[in-house]
Amino acid sequence: MLETEGLTKSFKGKKAVEGVSLYLDKGESVGLLGPNGAGKSTTISMISTLARPTSGDVRLNGKSVVKDPSAMRSVLGVVPQEIALYEELTAHENLQFFGQIYGLSGKPLETAIQHVLKLVGLEDRQKETVKTYSGGMKRRVNIAAAMMHKPDVIIMDEPTVGIDPQSRSYILEMVRRLNKEEGLTVLYTSHYMEEVERLCDRVYIMDHGSIIASGTKDELKRILSGEETVWIELDRAYPELFAELKMNEHIIQAAETEKGIKLIIPKGKRMLAEIFQLAERHQAQILNVNVQTPSLEDVFLHLTGRKLRD
Amino acid sequence: MISVFLLQWQRFRRAPFMVLSFLTLSVVFIGVMAGANTGNSLTIPAYADASLSETQQAEWLTELNRSDNLSFVLVSEGEARQDVVDGDSRMALQLLADDYRLLVVADDPARFEVESYINQVYIRELRIRELEEQSAAVDVRERLDGMLEEPAMTVSTASLDGGEDTFVYDGQLQMLFGMSLFFSVYTILFSLMKIVEEKQFGTWNRLILSPLKKWQIYLGHMAYSFSVGYLQIVLVILLFKYLFNFDVGNQFGLLLLITAVYTFSIVALGMLVMGLVRTPQQLQAVVPILATGMAMIGGAFWPIELVSNNILLAISKVLPMTYGLDALKSVSIYGEGLAALYEPLSIMLLIGVVLMGVGINAMERKA
C-alpha cells in the first residue's frame, strides 16, 4: 500500500536520513523504533509529504507522491509529536475546524466529531477548552484531530511522550482498536520498546539515519536466538566488576542497569559459575540472578550498542 | 481560506485581551493627549527678570494675549517653575527684552503650537520696533495699525498642503491619526504572530496536510489581521468623531479608503517581519522597536513637517505611516479629494506588494 525507496534527506550537506526503504501493507501496524536523533521524525516528515526527500521516493499504491502529494494527503492522518491544537478552543471547536478544512460541514461534520470523540473517550468533556485538559487528554484530542477525515493510514510520531502510565495505556489500547477493529494502517514511532512490542506486527529499527534491522518481532528476536540475557541484581554498583565483565571475551554485551548488570552471553555457555567467582573476588553481593530469552530491547542493544533511551 | 479566517475570529473571541488592550490604549492616549491639545484653555505662566520693566512686561503680555487659544499670565519666576515641576502648567515662558525662553518639563506636543505662536508675536513686534527706530516719524505704530485696518491692497495666501515652510497644525487630528495608526501596528503584527505560533506548535503542518492550499492559509491569516487592524482604526476615528466631536472633515469615505490601504501595507510589513523572526519571543522584542521607531520617524508622535534632519526624512519616505498620516491629514485638514491621494495611496500599495512578496518568500525559505 505504502512504500519508500532509498529515502535520503540532507541538511546543509549532513545526511539526517540515508537510504530508508520500508513498506506498509493495508491494515498492518508497523513500528519504527529508534533512539532520539535516529531520524524517525525526518523519515515521517518525508512519508507524510511535509518534507521533500533529497533523493529516493515515496509511493502510495505504486504511485509516487513526492511530486504530487495530494493523493497521499487525502488518505493520511498524522499525529505529530507536539500537541498541535488550538488550546484556547474546546475539543469540539478544534475538531470542528479540522473537519471543516477537509470539506466537512453540517450533520456529517457533527457525526464525524462525535465519532472521533467516542474513539478517544472524550465525549463528556468536549465543551471544555483544551488548555484545561491533562497531558493525556490533550494527546487523545491530538489523535482525534488526525482522524476527522477518516484516513486509511495513520502515522503516529511518539504519541505518548510525557504522559502518565494510565493515559498511555488508554492510548495504546485505542491505537490497537483502530488497527484491529477499524482496519486502519498504522505507522507507529516510539522509543518505548514495550509500546512497539504491544502494538506492531512488524518493526523497523533505525539508528544514525538508517534502518539497521527489520522484520516481525519474532524474526528480530531470532537475531539473538543463539544468545541469552542474564540479569544480575546487586546491592550496589561495582564498577570494577562491571569493567571486568565487559572485558570478558565470552560476554557479547554488558550494560549497567538501575539494579545491577545485564549481560548477553552465548546460549548454552555455562558462565554463571564464572560470574559468581568474579562477584566473590570483587566482594559484590548478588541479590538475584535471572536468565531470559532476548527481548526487542536486547535486539536493539545488540544492534546499536546502546539502549533505546540513550 | 474562509475557515482559517473564521478560526482566527473564534480564537479572538476566546482571547480578546491583546486586541482590546491596544484599542483601549489608542483611546486613552488620544483622549489624554489630544484633549489637552485642544488649545481652548491653555494657560501659560510667564515671568521676566529685572532686565524688563513692568511696562515692558505688560506690553509683551498684551501682544501675546491677542490669541484666542492661549492665555499668558504674569507670575514670579519661582512660581512659574514650580507650576511646571508640579505639572500644574505644561510649560512656562520667560520674557526677555528681544527674545524668549520656553520652559517645558516633558516633550509635550502642544509646545509646537505654542512656540510657533510666540515666535510669530515676537517677530512681528521686533520688526515694528526696528521700524520705529529707523523711521523719523514718531507715530509709526499708530500709522501701521491704521494701515492694517484699512489696507490699500489685500493679499490672500492659501496653501493646500502646507507648502514648503508652512503647515496647519491641528493637535487633535495629529494625535487621533498618529496614535490610531501607531497602535494598529501592534494589533496587526501581534495578530500575524499566530502564523509563527502555528509553525512552532505544529498546527501549521496539520493545515499543510489538509486540502487547503498554502496561499489560502496565508490569506486567511492576513485577512484576519487586516480586518482586526482596520476595525480598530475605524472604531477609534468614529469614537472621537461622534463622541468627542473631533472635526475629521466631511469625506469619511476617503478616510476609510486611506485606512484600508495603510492597513494593507502594515499587514505586508508584518509578513516581512514574520519571515525574519523565528519565534514569538523574538517577535515580541522586535515589534515595539519597529512600531515606535516607525511612529517617531513617520510623524505619528509629532508632525513630520517639524523634522529637519535629512537622514530621518529620507527614512520616512519608505515608511507606510508617513504616507498614511499625510493622506489622512490632507483629507481632514486641507479638504483634499481623491486626486491628491493617488501618490500616497500608490506608494503605500507599492510598499505593501514589495514587502509581502519578500516576506512570504522569506517565510517559505525558512520552512
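This is a short walk through a few features of a predicted model with chains A and B.

Okay, let's start with the sheet in chain B. We've got an open sheet of four strands here, in the order 2-1-3-4, and the pairing is mixed. On the edges you'll find strand 2, residues 70-74, and strand 4, residues 100-104, each of which pairs on one side only. If you ignore direction, neighbouring strands are turned by 30° against each other on average. Now look at strand 1, residues 42-48, and strand 3, residues 91-95: those two run parallel and pair over three bridges. To pick out one spot, B:Tyr47 has B:Gln94 in strand 3 as its bridge partner.

Then there's what sits on that sheet. Helix 5 of chain B, residues 110-134, packs on it and touches strand 1, strand 2, strand 3 and strand 4. Its direction makes about 170° with that of strand 4.

Staying in chain B, let's move on to helix 13, residues 320-332. How far apart should its ends be? Well, at 1.5 Å a residue, its 13 residues should span 18 Å, and the end C-alpha atoms are indeed 18 Å apart, so that agrees. Twelve of the 13 residues are buried, so this helix is largely enclosed by the rest of the structure. The buried ones include B:Met321, B:Tyr323, B:Leu325 and B:Leu328, and B:Lys329 is also among them.

Over to chain A, for some backbone business. Most residues other than glycine have a negative phi. Here are two with a positive one. A:Asn61 has phi near 50°, and this residue lies in the loop between strand 4 (55-60) and strand 5 (63-64) of chain A. A:Glu158 has a positive phi of about 45°, and that residue is in the loop between strand 7 (153-157) and helix 6 (165-180). So which is buried and which is exposed? A:Asn61 is at 61% relative accessibility, so it counts as exposed. A:Glu158 is at 6%, under the 20% cut-off, so that one counts as buried.

Last stop, the cavities. There are two of 30 Å³ or more, and the largest has a volume of about 90 Å³. Its lining takes in residues of both chains, including A:Phe98, A:Tyr102, A:His149, B:Arg206 and B:Leu209. Which element gives the most to that lining? That's strand 6 of chain A, with three residues. Helix 5 (135-147) of chain A and helix 8 (203-209) of chain B each supply at least two.

That's my tour, happy to take questions.

Notes. Residues numbered from 1 in each chain as written. Chains lettered and ligands numbered in written order. Predicted model: local features only at pLDDT ≥ 70, side-chain atom pairs only at ≥ 80, totals over all residues. Heavy atoms only, no water. Expected span 1.5 Å × (residues − 1). Buried < 20%, exposed > 50% of the residue type's maximum accessible area, 1.4 Å probe, protein only. Pairing = 2+ DSSP bridges. Axes fitted to C-alpha atoms, helices over the stretch in contact; angles between N-to-C directions. Contact = heavy atoms within 4.5 Å. 1 Å grid on protein atoms, 1.4 Å probe; cavity = no way out; pocket = protein on both sides within 12 Å on 5 of 7 lines; lining within 4 Å. Points joined across faces, edges and corners; volume = space filled by probe spheres on them.
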